[in-house]
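Visitor: I would like a close look at a single part of this model, together with whatever surrounds that part. Please take it slowly and keep the account connected.

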Amino acid sequence: MKVLVIGANGKVGKHIVQKLMDSSHTPVAMVRDPDQVPHFEELGAQTVLGDLEKGFEEAYYGVEAVIFAAGSGPQTGADKTLLIDQEGAIKAVDHAKHFGVQRFVMLSTVGADTPEKGPDGFRHYLYAKHRADEYLKQSGINYTIVRPGSLTNEPGTGKVKLEEHLSEHGEIPREDVAETLAHLLSEPGAENKSFDLISGTKPLDDVLAF
Ligand SMILES: NC(=O)c1ccc[n+]([C@@H]2O[C@H](COP(=O)([O-])OP(=O)(O)OC[C@H]3O[C@@H](n4cnc5c(N)ncnc54)[C@H](OP(=O)(O)O)[C@@H]3O)[C@@H](O)[C@H]2O)c1
């Protein structure tokens, strides 16, 4: 499938583009700064310019699936959390619907299913992710939502724990998150489902045998 990666220049996004390049899928890396293009050109990946705060529907031409991995990050205020993590994601779902996209994989976060339980100072972020996730669920698009634990920059191990609800907290390398998201794109058992994700002991292929 031709897969639009929104947030492609991010730390997870770059891994996602690489994993898709190594798969049968064809990534289209959406970036917001022309200076970010050469990195993807060197990989041989197609790029498209788009900013979630502006118009980005042109990015969707010919796209069959979307992986949303963008986020405003912890350095910005609550206003950007609303604009990017919530409203940007909602616009991305609307465009997907408009362009008849078959599949939408959302990189969410641990706790987005129960934002009311989040700690002070973090709850607004969990609510933003929650609202985006719920909007996707109601959209009618074939979705998968993944809520990883704390992200690390360690190399991937390929071993994960992926369940609809995990009672434990944990970490996971960004590379393993990317690998999981790329695999879930074409996993029928993951369609219209949401998962928590942390590092585990089982190889991804075993975990994905739903
Ligand atoms: N940190 C954690 O422990 C954790 C845990 C669970 C889930 N998550 C989720 O995982 C996401 C990805 O993590 P990460 O480490 O890859 O984050 P990251 O490196 O900050 O990547 C976020 C990407 O979003 C892009 N972006 C921001 N605003 C945009 C806009 N207006 N238009 C288009 N793109 C925009 C950024 O673009 P630029 O490169 O141009 O800045 C960046 O490439 C986070 O945003 C968070 O929601 C994080």
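Which residue of strand 4 does V3 stand opposite?

Guide: In this predicted model, the residue that V3 stands opposite in strand 4 is A65, and that pair is a convenient point from which to look closely at strand 4 and its setting. Further along, V5 stands opposite I67 of strand 4, and in total four bridges join strand 1 to strand 4, the two strands running parallel. Strand 4 covers residues 65–68, while strand 1 covers residues 2–6.

Strand 4 is covered on both of its faces, since A65 and I67 on one side are buried, and V66 and F68 on the other side are buried as well. Strand 1 is in a comparable setting: four of its five residues are buried, so strand 1 is largely enclosed by the rest of the structure. Strand 1 also pairs with strand 2, residues 26–31, through five bridges in the parallel sense, and V3, already met opposite A65, has P27 as its bridge partner in strand 2. Between these two strands the chain passes through helix 1, residues 11–21, in a β-α-β crossover that is right-handed.

Strand 4 also pairs with strand 5, again in the parallel sense and over four bridges, and here F68 has M106 of strand 5 as its bridge partner. The chain travels from strand 4 to strand 5 by way of helix 3, and this β-α-β crossover is likewise right-handed.

Placed in its wider context, strand 4 lies between strand 1 and strand 5 in an open sheet of nine strands, whose order is 3-2-1-4-5-6-10-8-11 and whose pairing is mixed. The edges of this sheet are strand 3 (46–49) and strand 11 (202–203), each of which pairs on one side only. Helix 3 packs on the sheet, where it touches strand 1, strand 4 and strand 5, and its direction makes about 175° with that of strand 4. Helix 4 packs on the sheet too, touching strand 5, strand 6 (142–148) and strand 10, with a direction at about 160° to that of strand 6. An antiparallel pairing in the sheet joins strand 8, residues 159–163, to strand 10, residues 193–199, through four bridges, with K161 standing opposite I198 of strand 10.

Helix 3 itself deserves a careful description, as the connection that follows strand 4 on the way to strand 5. Its 21 residues, 78–98, span 28 Å from the first C-alpha to the last, which is close to the 30 Å expected at 1.5 Å a residue, although the helix has a kink of about 30° centred on E87. The buried residues of helix 3 are T81, I84, D85, Q86, G88, A89, A92, V93, H95 and A96. An α-helix has 3.6 residues a turn, so residues three or four places apart point the same way. The cover over the buried residues of helix 3 includes strand 1, strand 4, strand 5 (103–107) and helix 4 (123–138), and after the helix comes G100, with a positive phi near 70°.

Definitions and conventions: Residues numbered from 1 in each chain as written. Predicted model: local features only at pLDDT ≥ 70, side-chain atom pairs only at ≥ 80, totals over all residues. Expected span 1.5 Å × (residues − 1). Bend = angle between axes of the 7 residues up to and from the residue. Buried ≥ 20, exposed ≤ 12 C-beta atoms within 10 Å, placed from the backbone. Contact = placed C-beta atoms within 7 Å. Pairing = 2+ DSSP bridges. Right-handed = clockwise from strand over helix to strand, strands pointing away. Axes fitted to C-alpha atoms, helices over the stretch in contact; angles between N-to-C directions.
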